[in-house]
Amino acid sequence: MIPYGRHRVSESDIAAILEVLRSEFLTQGPVVPRFEEALRHYTGASQAVATNSATAALHVACRALGLGPQGRLWTSPITFVASANCARYCDADVDFVDIDPDTWNLSVLALKQKLVTARHEKRLPDILVAVHFSGQPTEQEEIKALGEEFGFRIVEDASHSLGATRRGERVGSCRWSDVTVLSFHPVKIITSGEGGMALTNDEELAWQMRLLRNHGITREAKAMRRTDPAVYEYEQIALGWNYRQTDIHAALGLSQLRQLDSFVDRRNEIASRYSQRLADAPLQLPTVRPENRSAFHLYIVRLRNSQITQREAIQRLRDAGIGATLHYPPVHLQPYYRDLGFGPGAFPEAEQFGQTALTLPLYPDLKEDDQEHIVQVVGDLLSSRVNPAG
Ligand SMILES: *Cc1c(COP(=O)(O)O)cnc(C)c1O
């Protein structure tokens, strides 16, 4: 089966891990701060806090931004569940903003309308999680302006988009947000096995996130109540968790980061080939706005007035050895969220998307022959001619 995504691990990645295994530290030692430093340098953000997953980074970001039981967080329904769950970990409410039919990111127009209504009802959100779906940044400067007008904080969920740019600005710079979260799960742009990172330009916020990723424990005398460091090595001053990254994982992440630009180039190359070959098929292809460069974590197409259902299409692709899948079933229709009161009809664009989208395989090592096979099978499936390569 050709998977929809997979990591590429090189000999130098392996060597970097072995070096840690032979060293003094296994968990958070000298390599974690080096990985943080490298991502600060790459993105331009002034602060980076490594965690053991993006889910953990989202959680500490929400807590550090003060999200609690009376709070509200909004996000897109077309995302991985973690973008919404982080609010639930804080006992806050979740709500969703419907998607843009072209970019499939949350619609800024829908956001504006929902904010106006929410202001009337005194139900404004505290945090918006803007997901860079499939690798394309959201309209971040417009969201920032709305954040200032309506008084909410912004977390960019950039789990899909490390290496992407908007208006020439690298994702992760936090120019238009409070925090940007990255994921290093193996299917993502670069991997550390499991791992995440929270980037910010706010020193205080970074301090809080560092505290929360390590049980709420500090070793800084100025933050301690009993200040004799000879006796009190540390104090717990808040309730945090063990969300630390290990040096083993950080070594892999750091080594992968050196290959990031080539990974993203390769992903864009494969995506353009799909778009060129499938241009005349009855499909909606990905739209990348001119001010964006996508990292192309996912290559998604949508069936359009087609004779074949999504279910049949995915089944036939799988029968042909192609691991096609759906990213994502709308989060608000997951049983857990239905139990919280959400149901069909709430976010029609997202629901339409959930019924018509399919993800085709895309990863740096996808072979040209395999992509050719995928294009041919998709063409057959839709009884459509595919364009010749070129
Ligand atoms: C993968 C993913 C996450 C969670 O990442 P982990 O590192 O696996 O916790 C969060 N949000 C989005 C959009 C993702 O795709």
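# Close-up views of the largest pocket and the aromatic contacts

**View 1. Lining of the largest pocket.** The largest pocket has a lining of 22 residues, and those that lie nearest its centre are Phe 80, Ser 183, His 185, Lys 188 and Tyr 328. As in the other views, the model shown is a predicted one. The space in this largest pocket comes to about 310 Å³. Two elements, helix H3 (54–64) and H4, give two or more residues to the lining of the largest pocket, and H3 supplies the largest share, with 3 residues. Sorted by class, the lining of the largest pocket holds 11 polar, 8 nonpolar and 3 charged residues.

**View 2. The ring pair Phe 80 and Tyr 328.** In the model, 13 aromatic pairs are counted. In one of them, the ring centres of Phe 80 and Tyr 328 are 6.4 Å apart and the planes stand at 45°, so the pair is classed as tilted, given that stacked pairs need planes under 30 degrees apart and edge-to-face pairs need over 60. Phe 80 belongs to the loop between strand S2 (72–75) and helix H4 (82–89), and Tyr 328 to the loop between helix H10 (310–319) and helix H11 (335–339), so the contact ties together parts of the chain that are 248 residues apart in sequence. Phe 80 counts as partly exposed, at 46% relative accessibility, whereas Tyr 328, with a relative accessible area of 9%, is buried. Both rings also belong to residues that lie nearest the centre of the largest pocket.

**View 3. The ring pair Phe 96 and Phe 342.** Here the ring centres of Phe 96 and Phe 342 lie 5.2 Å apart with their planes at 70°, so this pair is edge-to-face. Phe 96 is part of strand S3 (residues 93–96), while Phe 342 sits in the loop between H11 and helix H12 (348–356), and the pair thereby links distant parts of the chain, 246 residues apart. Phe 96 and Phe 342 are both buried.

**View 4. An aromatic cluster.** Phe 80 and Tyr 328, shown as a pair in View 2, join Trp 104, Phe 133 and Phe 353 in one aromatic cluster.

**View 5. Charged ends over aromatic rings.** The charged end of Lys 114 is placed over the ring of Trp 74, at 5.3 Å from the ring centre. In a second contact of this kind, Arg 170 has its charged end over the ring of Tyr 42, 3.9 Å from the centre of that ring.

Definitions and conventions:
Residues numbered from 1 in each chain as written. Predicted model: local features only at pLDDT ≥ 70, side-chain atom pairs only at ≥ 80, totals over all residues. Heavy atoms only, no water. Phe/Tyr/Trp six-rings, centres within 6.5 Å; stacked < 30°, edge-to-face > 60°. Helix = DSSP H or I, 4+ residues; strand = E, 2+ residues; numbered from the N terminus. Buried < 20%, exposed > 50% of the residue type's maximum accessible area, 1.4 Å probe, protein only. Lys NZ or Arg CZ within 6 Å of the ring centre and 35° of its normal. 1 Å grid on protein atoms, 1.4 Å probe; cavity = no way out; pocket = protein on both sides within 12 Å on 5 of 7 lines; lining within 4 Å. Points joined across faces, edges and corners; volume = space filled by probe spheres on them. Nonpolar A, V, L, I, M, F, W, Y, C, P; charged D, E, K, R; others polar.
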